[in-house]
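User: I'd like to learn how to read a structure like this one, feature by feature. Could you walk me through it?

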Amino acid sequence: MRRRDAPARPDPGLADLAPDQRLRRLELTVTRRLDGLLHGQYRGLLPGPGSEAAGSREYRPGEDEVRRMDWAVTARTTVPHVREVDADRELTTWLLVDASPSMEYGTATLDKRELAVAAVAAVGFLTAGVGNRLGGQVLAPDGIRRFPARGGRTHLLGLLRALLGAPRTDGHPQTPGLHDGLDGLQRMATRRGLVVVVSDFLDGLPDEPDAAPAWEAVLRRLAVRHQVLAVEVTDPRELELPDVGLVTLVDPETGRRREVWTGDPALRERYAQAAAAQRDQVRDALRRSGATHLALRTDRDWSADIVRHVHAQRRLAAAPAAARGGAA
């Protein structure tokens with residue numbers, strides 16, 4: 001028991017906790033604040049008992065429903081047959097998580113990789129259910145780590161531990177590109193489902209503002225078959241440069257270094273404009289690809305941002321239905 005006159009210990013941040021404690025904290029945050037929200041957002045992926053035809057078989061009295069009768073096959077064979085469909089009530093979620101060197105940066109409560117873990121935990125815990133499966137890839141400095149689609153809490157916790165334990169860069173980053181990861185995910189995700197990409201999306205950005213990033217085309221192909229959620233992770237210092245005197249800036253992807261005098265107001269203004277143009281470039285590419293965009297920042301309450309995003313998506317989904325009802 002803590003003495004009454006002893007000072008209260010501050011609540012530890014996510015980055016200060018051991019891996020298992022971090023996972024428990026994440027699960028508690030998700031179940032308390034977000035439980036049930038994402039399920040409603042992806043209800044459109046669950047159209048009843050099945051929708052993809054998988055042939056016919058003989059009718060079994062007492063087991064099969066008459067409304068599933070395949071009358072064409074029954075007439076042709078003179079033996080009662082029923083239609084078989086592949087059940088799509090089970091949601092398969094495919095994750096692509098960026099753990100490249102640029103995701104190791106952070107100047108707030110979390111770094112970007114920690115925030116990526118929180119986003120993956122939110123999606124994983126909220127889409128967990130009977131028959132639902134989770135799989136995907138992690139783009140780490142030591143290569144692509146692949147996780148087959150499986151169900152259960154143990155599988156999700158294993159994926160989160162692997163993400164927390166992914167090695168940090170040693171100064172010679174060899175991390176595969178986002179385009180490579182998306183291309184590999186497209187080969188893994190053979191059935192319709194939910195694709196969640198968690199990244200800062202800085203990889204493959206061209207110098208020309210109007211040019212398409214290297215990952216845009218493959219992301220567009222994924223969005224044709226799947227529902228795609230792009231979770232963009234940023235840090236406030238990436239958007240504006242504070243006045244802290246002479247600093248050494250390091251490009252985490254290439255290792256290039258440059259000394260910059262941040263006391264120059266014109267320099268800070270140019271930096272802010274270039275950063276804003278870069279984020280606009282990412283946002284436009286995500287919109288063109290057909291992905292739903294969720295922006296998370298290391299200096300904000302990520303759970304509140306996810307709640308706001310889900311409510312906004314629900315309003316957008318309800319608007320066409322309301323319009324149809326009014327027209328009727």
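User: Which element gives the largest share of the lining of the largest pocket?

Analyst: To read a lining, go through the secondary structure and see what each element supplies. In this predicted model, α9 gives the largest share of that lining, with eight residues. The elements that each supply at least two residues are α8 (236–239), β8 (246–250), β9 (257–261) and α9 (265–289).

User: How many residues line the largest pocket, and which lie nearest its centre?

Analyst: The lining has 41 residues, and L249, V250, D251, Y271 and Q278 lie nearest the centre. The space in this pocket comes to about 1,600 Å³. As for chemistry, the lining splits into 21 nonpolar, 12 charged and eight polar residues.

User: Now the backbone. What should I look for in phi?

Analyst: Start with the sign: most residues other than glycine have a negative phi. Here, T78 goes the other way, with a positive phi near 60 degrees. F201, not a glycine either, has a positive phi of about 60 degrees.

User: Where do T78 and F201 lie?

Analyst: T78 is in the loop between α3 (71–77) and β2 (81–86). F201 is in the loop between β6 (194–199) and α7 (216–225).

User: Is T78 buried or exposed, and is F201 buried or exposed?

Analyst: For that, you check relative accessibility: over 50% is exposed, under 20% is buried. T78 has 68%, so it counts as exposed. F201 has a relative accessible area of 1%, so it is buried.

User: Which residues have the most contacts inside the largest nonpolar core?

Analyst: When you read a core, look for its hubs and for the elements that feed it. This core has 43 residues, and V231 and W302 have the most contacts inside it. Helix α4 (residues 112–127) brings the largest share, 11 residues. Leaving aside residues up to four places away in sequence, V231 touches A119, V196, V197, V198, S199, F201, L294 and L296. So F201, the buried loop residue we just looked at, turns up among the contacts of V231. There's also a second, separate core of 22 residues, with W94, L185, W215 and V218 among them.

User: And the chain as a whole?

Analyst: Step back and count. The chain has 10 helices and 10 strands, and 42% of its 328 residues are buried. For contacts between residues at least 6 apart in sequence, 74% join residues at least 24 apart. The exposed surface is about 17,900 Å², with 51% of it from carbon and sulfur atoms.

Note on methods: Residues numbered from 1 in each chain as written. Predicted model: local features only at pLDDT ≥ 70, side-chain atom pairs only at ≥ 80, totals over all residues. Heavy atoms only, no water. 1 Å grid on protein atoms, 1.4 Å probe; cavity = no way out; pocket = protein on both sides within 12 Å on 5 of 7 lines; lining within 4 Å. Points joined across faces, edges and corners; volume = space filled by probe spheres on them. Helix = DSSP H or I, 4+ residues; strand = E, 2+ residues; numbered from the N terminus. Nonpolar A, V, L, I, M, F, W, Y, C, P; charged D, E, K, R; others polar. Buried < 20%, exposed > 50% of the residue type's maximum accessible area, 1.4 Å probe, protein only. Contact = heavy atoms within 4.5 Å. Areas by Shrake-Rupley, 256 points an atom, 1.4 Å probe, with all protein chains shown as cover. Core = buried A, V, L, I, M, F, W, Y, C linked by side-chain atoms within 4.5 Å.
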